[in-house]
Amino acid sequence: EFMEASYPEVRVVRNSENLGFAEGMNVGIRASKGEYVVSLNNDTETDPHWLAELVRQMDRHPEMGSAASALMDFKDRSRIDSLGDGYWLDGRSYKVGSAQLFHPVTEPFEILCPCAAASIYRSSMLKRIGLFDKDFFAYMEDVDLGLRAQLAGYRSICIPTAFVYHMGSATSGGGASAFTIRQTTRNIYRVIIKTVPLLLLPIFMLFALSSQLGLVVLSLVLPQFRWFRLHIRAYFEGLAHALRDLPGNFVRRRQV
């Protein structure tokens with residue numbers, strides 16, 4: 001209601017149900033007509049020049065399929081929230097530069113893939129490789145898309161002059177909630193099974209199972225991992241869901 005009343009030039013697309021972040025993004029992408037698509041979470045505040053800077057740099061780098069914003073911590077704006085996403089051998093993604101002090105940089109630099117909290121995608125790339133995977137619902141869907149883009153030959157950059165201030169997980173309860181642990185656990189394995197190249201798949205699965213088993217053990221013996229022990233049921237629910245879907249994901253959804 002606020003958007004429609006305050007910004008009549010904005011086209012609001014309403015969904016009758018909660019489709020999750022991934023399909024919610026897809027609805028917007030399908031309704032768009034521009035050369036670029038920009039994603040922006042609702043727990044953010046943008047710099048006035050943020051959007052213009054994203055477009056300017058993408059115009060300068062036509063070889064790039066996507067770009068990340070300089071996501072800064074909402075409370076301590078001298079510190080980085082994320083300069084893009086990286087990817088470990090155990091299937092977990094990580095925030096590039098997280099919690100580090102930001103040192104001013106003017107030139108874009110290459111990353112694996114952008115965090116969809118605030119990023120820009122070339123529409124022609126999405127048309128070729130496909131949109132976000134709606135079955136992810138929320139979490140890791142941007143990593144899945146980013147890996148598919150890299151495997152299709154598209155590169156990605158971080159634009160360190162396009163600032164966005166991010167709270168992080170505000171919609172899903174903040175921090176490590178049962179929802180985030182359940183979703184992330186399930187989707188870690190979903191990315192591995194459907195997107196990681198076949199020759200690397202056994203390595204990633206071995207590391208993922210070992211890493212997560214280690215986290216379960218640590219949560220039982222070390223107080224600093226108590227947050228995980230509080231949500232261990234959610235973890236096993238996510239794992240069970242991932243294993244149940246494994247055969248179908250492998251047979252029907254393999255990308256490589």
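**Exercise 1. Is Arg92 buried, partly exposed or exposed, and what is its relative accessible area?**

*Solution.* This is a predicted model: local features need pLDDT of at least 70, side-chain atom pairs count only at pLDDT 80 or more, and totals for chains, interfaces and linings use all residues. Residues are numbered from 1 along each chain as its sequence is written, and side-chain values use heavy atoms, with hydrogens and water left out.

Step 1. Set the cut-offs. Buried means under 20% relative accessible area, exposed means over 50%, and partly exposed lies in between (1.4 Å probe, protein chains only).

Step 2. Read the value. Arg92 has a relative accessible area of 38%, so Arg92 is partly exposed.

Step 3. Find the partner. Arg92 meets Asp90 in a salt bridge, 2.7 Å from N to O. A salt bridge here is a side-chain nitrogen of Lys or Arg within 4 Å of a carboxyl oxygen of Asp or Glu.

Step 4. Check the partner. Asp90 is buried, at 9%.

**Exercise 2. Place the salt bridge of Glu45 in the fold.**

*Solution.* Step 1. Name the pair. Glu45 bridges to Arg77, with the closest N and O atoms 3.0 Å apart.

Step 2. Locate both ends. Helices (H or I, at least four residues) and strands (E, at least two) are DSSP runs, numbered from the N terminus. Glu45 sits in strand β2 (residues 44-46), and Arg77 in the loop between β3 (64-73) and β4 (80-82), so the pair ties together parts that are 32 residues apart in sequence.

Step 3. Check exposure. Glu45 is partly exposed at 36%. Arg77 is partly exposed too, at 33%.

Step 4. Look along the chain. Asp76 forms a salt bridge with Arg79, the closest N and O atoms being 3.4 Å apart. Asp76 has a relative accessible area of 31% and is partly exposed. Arg79 is partly exposed at 33%.

Step 5. Widen the view. The structure holds 15 salt bridges. Asp133, Asp144, Arg148 and Lys194 are linked in a network of them.

**Exercise 3. Which helix gives the most residues to the largest nonpolar core?**

*Solution.* Step 1. Define the set. A nonpolar core is a set of buried Ala, Val, Leu, Ile, Met, Phe, Trp, Tyr and Cys residues joined through side-chain atoms within 4.5 Å.

Step 2. List the hubs. The largest core has 21 residues; Tyr87, Met140, Tyr189, Val191, Ile192, Met205 and Tyr235 touch the most other members.

Step 3. Sort by helix. At least two residues each come from α5 (141-151), α6 (178-195), α7 (201-221) and α9 (232-253). Helix α6 gives the most, with 6 residues.

Step 4. Keep the other core apart. A second, separate core has 15 residues, including Trp50, Ala67, Leu71 and Cys115.

**Exercise 4. Describe the surroundings of Thr185.**

*Solution.* Step 1. Thr185 is in helix α6. Thr185 is buried, at 5%.

Step 2. Follow the side chain. The Thr185 side chain reaches the backbone oxygen of Ile181 at 2.8 Å.

Step 3. List contacts (heavy atoms within 4.5 Å). Leaving aside neighbours within four places in sequence, Thr185 is in contact with Gln212, Tyr235, Gly238 and Leu239.

Step 4. Compare Tyr189. Not counting residues up to four places away in sequence, Tyr189 touches Met205, Ala208, Leu209, Gln212, Leu239 and Ala242.

**Exercise 5. Which residues other than glycine show a positive phi in the loop between α4 and α5?**

*Solution.* Step 1. Recall the background. Most residues other than glycine have a negative phi.

Step 2. Take Phe137. Phi of Phe137 is near 65 degrees. Phe137 lies in the loop between α4 (123-129) and α5, and is partly exposed at 28%.

Step 3. Take Met140. Phi of Met140 is about 75 degrees. Met140 is also placed in the loop between α4 and α5, but is buried at 6%.

**Exercise 6. Where is His61, and what does it touch?**

*Solution.* Step 1. His61 lies in the loop between α3 (50-60) and β3.

Step 2. His61 counts as buried, at 17% relative accessibility.

Step 3. Not counting residues up to four places away in sequence, His61 touches Pro108, Arg122 and Ile157.

Methods. A polar contact is a pair of N or O atoms within 3.5 Å; within protein, one must be able to donate a hydrogen and the other to accept it, and residues adjacent in sequence count only if both atoms are side-chain atoms.
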